[in-house]
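Me: Please show the sequence and the structure first. I shall then ask about the chains and their contacts.

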Amino acid sequence: MQTEQTLSGKAVATQDVSVSSISLFFFRLKLWMKSPTPYLTLLGLSLFILTWWLTTEVWQLPRFEKLPGPVSVVKEWVSEDPAYGISIYTPEYYEHIWKSILRVLQAFGLATILGVPLGLFMGWKKTFKDYTFPVMEILRPIPMLAWVPLAILMFPEREMAIIYLTFLGSFFATTLNTLLGVESIDEAYFRAARCLGAKSRHIFFKVVVPGALPFIFTGLQISMGFSWFSLVAGEMLAGEFGLGYLIWNSFILVQYPVIVIAMVTLGVIGWSSSALIRFVGTLLMKWQSRGSSL
Amino acid sequence: MTTSTSTICPTGTSEMHLSPQPVGKLSIRNATKIYDPDGVNVLALDNCSMEVEAGEFCVIVGPSGCGKTTLLNAIAGFHDITSGDIFLDDELLCSGTKQAEPGADRIVVFQHGALFPWYTVLENVTFGPLVQGKMSASAAKKEAEEILAQMGLKGISHSYPSEISSGMRRRVEIARAMMNNPKVLLMDEPYRAMDALTKTIMHKNLLDVYDQSRKTIFFITHDLEEAIFLGTRVYVMTTRPGTIKKVIDVDLPRPRDYKILSSDRYLELKQEVIESVHEEAKKAFEAGEREMA
Amino acid sequence: MTQKKPVYFMGINLRKLRKSIFSKTTYRGIVAVIATVILWELCARFEVPIIGMIPAPSSVFSSLVEQLQDPAYWECWVVSYDRVLSGFIIAQIIGIPLGLIMGLSRHLRDLSFPTLEILRPIPPLAWVPTAVIFWPTPEMSMIFVTFLGAFFTMVLNILGGVKNIDVRYIRSAQSLGSSGFDIFRRIVLPATLPSLFTGMTVGMGITWAVVVAAEMIASRSGLGFLTWKSYVAGDYPVIVIGMISIGIAGYLSSAVIRLLGDRLTPWRKII
């Protein structure tokens, strides 16, 4: 069939040829190892760390000398007796991580449970959308972080306020992407389903839900990013635990290497959570991934 | 393909096959449709009347935007008509006051195809009987496998539509329609985007289905050769507002194959249709130019 | 049956416009918004838990009248806009060339992409303390964090845009006799413009979010600080005014970018 070439040089074949996936994987790995990509990647990363190290710890350039360097950060991170009390050997480190993850899980879970059905419904019933969409559109331009003071005011407990903030961040992204997903479904699928005798509930479960799934997962990935984004701000301003709080607290206590440890940890966890959603998405949408696997 | 003698007719008992009274007679009387997008009235169909006999392979040709699809959508029940009546087997299907309800007796094969990409071929083909609650899952599966095999589509039941070729997809879509034993098969330029070679295979396949089932087929196209090769009658529509300009009986014998493409009668008919359509196409083109300016 | 001709005024189809203004959708939207405001007022009056803590619209409105006459309020707008624009523009100046270079040279992409990918998942606000330590003035650190918010989105969108240019465009340009810089200027740049504007729209949204939070955390001025200060001072209706102001400011900025995008990429279908 047709192939469409793009500037990145990859040809996207629309027709699949059955090749065992394992041998395909090794074939690709071999090709990749022969290309300059892995070596340039390594070189790029080493250059980044080298620059960081040279500017902060070796040459101690003005302004840079105040920043924690890679050596001091790594030393602190893996030390059994850390100077500032946070390393992979201390339970406090894991407690902060766990607290943050727990908050994101609660907020993200709630946003998904409420946002996905709401978005599906808005896309499915025009009248419902007419009534709800304008209110959402008015609230949406307000960045979730502008809610911080109001959230603290509204909720009797700090913990609830932080979760509420994190929830807000992901809720809008999830709902709007789900809505967009339903609206992106080709009218022909609805017509085909009705032709074949499908009733309203069949159309909802067999057309609306699977058709919107790709957008829902894009939305969930974005919303996961937003959750971490708002969580950090919430924890910095109002937290008593968690990675955002750890960053802010270490700043106040002048324990600079800990800031970097917490930042990197945040990056790793944030990245892993998005990867997890992507993975679940590919599992649920075999019809998409299998068609374009070559 | 041709070795299979059984019919493509799911509730396929032999009596059904030999049913003395074929079904699927379509009577369209003075159908008129006015669109009102952007506050501008557009007359798409103007007093369009035609009688399609049961079991007829009826092909509608006409310039782009002449209201062919409007007519098909009204029959399928996707939208209403402003005035006039459409009857299916002498029962009122839709009129100026009543919109038809889409249903499994009039199945549409869409221009760009509408196999659900999230379901496998088998799940697509069994969709109709399962949502209607007409068959058990296992019976539907058996039936579907049979129909797929008859259409030369063995071994792809568990593939997703994105994994098979566009020609196969189109055939699966016809299989999905035939699963429901419809009275009328509504086909909206189904082979438009295909290359000439694939098209010939598709035509052969569709003619086999037609010869075996004798369903009424309401086929829209603007490929004139396709129209004569497939159709029992060719209806030429005028440019917008659309109405039937000319009906041409295609008296070529069935079963047809590619030998008739070089027969004198075929060439005569082709000439007749070309002359009739060309005039309308020119009008439509000039109207289009004006709209763009 | 007569065909009504469309009536145009300044390129706008008036019939279409009238139809969309007097549609059911508009009417329902207005009903929904009014109902929400009434519900909000009632919740505040009857001190419903949680939602009832939000200052009532009536009190917000009366304090809005005061605020609008206070030059200090308008000062906040200027300060926040100043920060947003500085950070955003710097992100464009650095991000656009970087994205283009990474899109065009595979080696440079391999070299720099992983580092970007490692830094990107770190939420911009996590950079606040580091920025405060590094930059000599708080203002500079705030602009730096704002810059980060828009920077990654810009680079990734442009990179994606360049990578997805259909190779046929380049080949047809080559066969028409252009080469080198010509292809860059006449093919690559215009083909990347749509994704550039997508990146700018998204980036602008993030920029406002970051500025607001950064002002709350580490500054003594701007709309974000206004909101935070009102909370600390117990002047609750002003919190809502601050939030609404931020919403309007963010919306205006995005609208300007959208308008600019429609102007500069007229070949895209305007919906």
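**Chain A and its partners**

Me: How many helices and strands are there in chain A?
Reply: The model is a predicted one. From the N terminus on, the elements of chain A begin β-β, and the rest of the run is α. The count for chain A is 12 helices and 2 strands.

Me: What radius of gyration does chain A have?
Reply: The C-alpha trace of chain A spans about 70 × 60 × 35 Å along its principal axes. For a compact globule of 294 residues, a radius of gyration near 19 Å would be expected, but that of chain A is 24 Å.

Me: What percentage of the residues in chain A is buried?
Reply: Among contacts in chain A with a separation of 6 or more, 65% join residues 24 or more positions apart. A residue is buried if 20 or more other C-beta atoms lie within 10 Å of its own. Of the 294 residues in chain A, the buried share is 41%.

Me: At which residue does the kink in α5(A) lie?
Reply: Helix α5 of chain A covers residues 126-139 and reaches 20 Å from its first C-alpha to its last, close to the 20 Å expected. The helix nevertheless has a kink of about 35°, shortly before the proline A:Pro134. The kink lies at A:Thr132.

Me: How do the residues on the side of chain A that touches chain C divide into nonpolar, polar and charged?
Reply: In this pairing, 51 residues of chain A are in contact with 51 residues of chain C. Elements of chain A that each supply at least two residues to that side include α2 (37-58), α9 (200-238) and α11 (256-284). The residues on this side of chain A divide into 39 nonpolar, 9 polar and 3 charged.

Me: Which element gives the largest share of the side of chain B that touches chain A?
Reply: Here 22 residues of chain B are in contact with 18 residues of chain A. Two elements of chain B give two or more residues to this side, β6 (106-109) and α4 (127-132). By type, the side of chain B divides into 14 nonpolar, 7 polar and 1 charged. The largest share, 4 residues, comes from α4(B).

Me: Which residue in β7(B) stands opposite B:Arg106?
Reply: B:Arg106 and B:Val108 point one way from β6(B), B:Ile107 and B:Val109 point the other way, and all are buried. β6(B) pairs with strand β7 (residues 184-188) of chain B in the parallel sense, over 4 bridges. The residue opposite B:Arg106 is B:Val184.

Key. Residues are numbered from 1 along each chain as its sequence is written. Chains are lettered from A and ligands numbered from 1 in the order in which they are written. This is a predicted model: local features need pLDDT of at least 70, side-chain atom pairs count only at pLDDT 80 or more; totals for chains, interfaces and linings use all residues. Two residues are in contact if their C-beta atoms, placed from the backbone, lie within 7 Å. Ala, Val, Leu, Ile, Met, Phe, Trp, Tyr, Cys and Pro count as nonpolar, Asp, Glu, Lys and Arg as charged, and the others, Gly among them, as polar. The expected span of a helix is 1.5 Å times one less than its number of residues. The bend at a residue is the angle between axes fitted to the seven residues ending there and the seven starting there. The radius of gyration is taken over C-alpha atoms; the globule rule is 2.2 Å times the number of residues to the power 0.38. A residue is buried if 20 or more other C-beta atoms lie within 10 Å of its own, exposed if 12 or fewer, and partly exposed in between; C-beta atoms are placed from the backbone. Two strands pair if DSSP finds at least two bridges between them.
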